[in-house]
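Here are some friendly notes to read alongside the model. Please keep the sequence and the 3D view open as you go through the numbered points.

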Amino acid sequence: MQPDTHKKKLSFWQIWNMSFGFLGIQMGFALQNANASRILQTFGADVEHLSLFWLVAPITGMIIQPIIGHYSDHTWTKLGRRRPYFLAGAILAAIGLVLLPNASLFVAFLPALWVGAGFLMIMDASFNIAMEPFRALVADKLPTDQRTLGFAVQTLLIGLGAVIGSWLPYTLTEWFGVATTANEGIVPQNVLWAFFIGATVLVVSILWTVIRTTEYPPEVQDKWDADEDQEHASHNGLSSIFSDFIKMPTTMKQLGLVQFFSWFALFSMWVFTTPALAQHVWGLPSTDHSSLEFNEAGNYVGVIFGVYNLVSAIFAMALPVIAAKIGRKMTHALCLIAGGIGLISILWITDPGLKWMLNFSMIGVGIAWASILAMPYAILAGAIPARKMGVYMGIFNFFITAPQILNGFIGGYIVKNLYGGEAIYAIFTAGLLLIIGALLTYFVDDNDDIPLSSSAQGRDLDDAI
């Protein structure tokens with residue numbers, strides 16, 4: 001693909017505004033990641049069934065993201081083509097955030113567990129509606145030599161939002177005295193308030209991006225698209241998604257294998273960290289879902305998830321510099337190895353008095369998370385045609401959702417029957433899988449990578465800021 005010389009370079013703050021909505025999206029997503037298992041266990045879910053409930057997220061993502069990507073490629077309104085999806089997804093996700101922890105209020109209609117699972121589905125579908133066009137917008141707006149910076153800024157905002165979301169329940173209890181325990185079957189007040197605050201921030205941050213960002217109009221985009229090979233010509237029907245999938249670039253297929261191992265590992269971490277720490281560090285039986293110690297473990301999962309997201313936010317801005325020196329592939333591989341080592345190290349932490357050591361384990365995870373959120377997309381954006389940016393970013397989500405769906409079906413079975421109910425071994429295995437993903441990164445073709453000298457990179461970043 002030819003360099004995007006026709007696109008104007010944006011300032012750092014223009015890129016910041018363009019991606020600011022991700023702060024709210026990831027704050028809500030972090031609240032879900034750190035607390036969904038805890039909430040579902042409060043409503044009566046067994047540990048071996050947790051991964052089945054978590055299937056809602058990847059299944060909705062697999063279905064929705066390519067469709068949203070396809071239609072956002074062919075949409076134009078007064079708000080542009082990507083921004084209407086941000087706004088609609090944010091409003092729906094905010095509703096899900098408010099209702100999920102309050103599912104017990106609807107027990108007159110269905111068991112709270114099933115109501116909670118339904119609201120989880122609404123929330124996941126809405127996150128996907130809002131999230132997918134953000135990736136495409138960066139590729140729409142930025143020239144090739146700014147894309148790594150663009151996705152790094154997204155990762156910075158994702159990290160900041162996730163830190164706030166992950167730490168919020170713990171902070172509400174420790175700083176403001178909000179209750180962290182409740183009657184059996186009821187979600188504690190600190191979690192309820194955290195989800196309400198998350199919903200508010202989500203809507204406000206999305207509105208900031210919608211108001212402060214412009215998009216290239218269709219006639220400009222069409223002029224650029226006319227320069228592309230005709231094999232990439234657009235078709236308006238949804239059936240074109242399947243033909244696009246079949247014709248996906250080689251780089252996408254190679255990245256897909258790396259993504260498979262990375263996201264299988266991440267799904268295990270999100271689903272099983274709460275029971276893993278409750279059992280392995282706090283020494284609780286798998287049947288304990290409501291004791292003070294169980295809720296302490298749940299709160300601390302939010303703390304360490306906040307740590308890895310904080311590390312991710314800080315490390316994200318180093319990614320363009322590191323990638324300029326050693327290439328995007330090597331950067332991603334080294335980051336995945338750091339994450340693998342971090343997860344594996346949790347196996348040796350077995351005392352709640354040493355829980356602070358879990359924060360060091362999360363440093364490696366944060367480095368990996370920063371790269372997972374940025375480098376595959378920076379590599380991919382240079383390998384796909386501009387007129388298909390939305391749909392291919394959506395199709396790429398298949399390589400994120402498919403491993404999570406597989407994990408959802410077999411993860412709980414493996415924990416129960418192979419690991420004897422000890423969720424810590426799912427975390428250990430996740431670390432090994434990240435290292436395998438790092439090795440597979442070597443085989444990815446990144447023909448769009450343009451290494452810069454350190455001085456040139458410095459000038460580029462100075463210009464951007």
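1. Let us begin with a word you will need often. A residue is called buried under 20% relative accessible area, exposed over 50%, and partly exposed in between, using a 1.4 Å probe and protein chains only. By this rule M330, at 44% relative accessibility, counts as partly exposed. M330 sits in helix α14 (residues 328-345), and its C-alpha atom is 8.7 Å from that of A438, although the two positions lie 108 residues apart along the chain.

2. Next, what you are looking at. This is a predicted model, where local features need pLDDT of at least 70 and side-chain atom pairs count only at pLDDT 80 or more, while totals for chains, interfaces and linings use all residues. Residues are numbered from 1 along each chain as its sequence is written, and side-chain values use heavy atoms, with hydrogens and water left out.

3. Now the overall make-up. The protein chain holds 19 helices and zero strands; these are DSSP runs, H or I of at least four residues for helices and E of at least two for strands, numbered from the N terminus. Of its 465 residues, 62% count as buried. A contact means heavy atoms within 4.5 Å. Among contacts between residues at least 6 apart in sequence, 85% join residues at least 24 apart.

4. What about the nonpolar residues? A nonpolar core is a set of buried Ala, Val, Leu, Ile, Met, Phe, Trp, Tyr and Cys residues joined through side-chain atoms within 4.5 Å. The largest one has 133 residues, and those touching the most other members are I25, F127, L202, M252, W270, L343 and W369. Helix α11 (residues 250-280) is the biggest contributor to this core, with 16 residues. Take I25 as an example: beyond residues up to four places away in sequence, I25 touches F127, A130, M131, F134, L202 and I206. A second, separate core has five residues, including I64, Y85, A125 and I129.

5. Please look along helix α2 (21-42). Its 22 residues reach 31 Å from first C-alpha to last, close to the 32 Å expected at 1.5 Å a residue; the expected span is 1.5 Å times one less than the number of residues. There is also a kink of about 50° centred on N35, where the bend at a residue is the angle between axes fitted to the seven residues ending there and the seven starting there. Because 22 of the 22 residues of α2 are buried, this helix is largely enclosed by the rest of the structure. Just after α2, G44 takes a positive phi of about 115°.

6. Helix α7 (residues 144-176) has 33 residues, which should span 48 Å, and its end C-alpha atoms are 46 Å apart, which agrees. Where does α7 bend by about 50°? The bend is at L168, and the proline P169 follows within four residues. In α7, 25 of the 33 residues are buried. G177 follows the helix, with a positive phi near 70°.

7. Helix α15 (residues 358-381) has 24 residues that should span 34 Å, and the 35 Å between its end C-alpha atoms agrees. Its kink of about 30° is at I372, shortly before the proline P376. Here 22 of the 24 residues are buried. N359 belongs to α15 and is buried because its relative accessible area is 17%. Leaving aside neighbours within four places in sequence, N359 is in contact with Y300, V303, I304 and V307.

8. Is P403 buried or exposed? P403 is buried, with a relative accessible area of 0%. This proline lies in helix α17. Its C-alpha atom is 4.9 Å from that of F264, 139 residues apart along the chain. Not counting residues up to four places away in sequence, P403 touches Q259, F260, W263, F264 and F398.

9. Finally, the empty space. On a 1 Å grid over the protein atoms alone, a cavity is a set of points where a 1.4 Å probe fits but cannot get out, and lining residues have an atom within 4 Å of a point. The whole structure has eight cavities of 30 Å³ or more, and the largest has a volume of about 340 Å³. Of the 25 residues lining the largest cavity, the closest to its centre are Q65, N128, M131, N397 and I400. Helix α6 gives the largest share of this lining, six residues.

Notes:
1 Å grid on protein atoms, 1.4 Å probe; cavity = no way out; pocket = protein on both sides within 12 Å on 5 of 7 lines; lining within 4 Å. Points joined across faces, edges and corners; volume = space filled by probe spheres on them.
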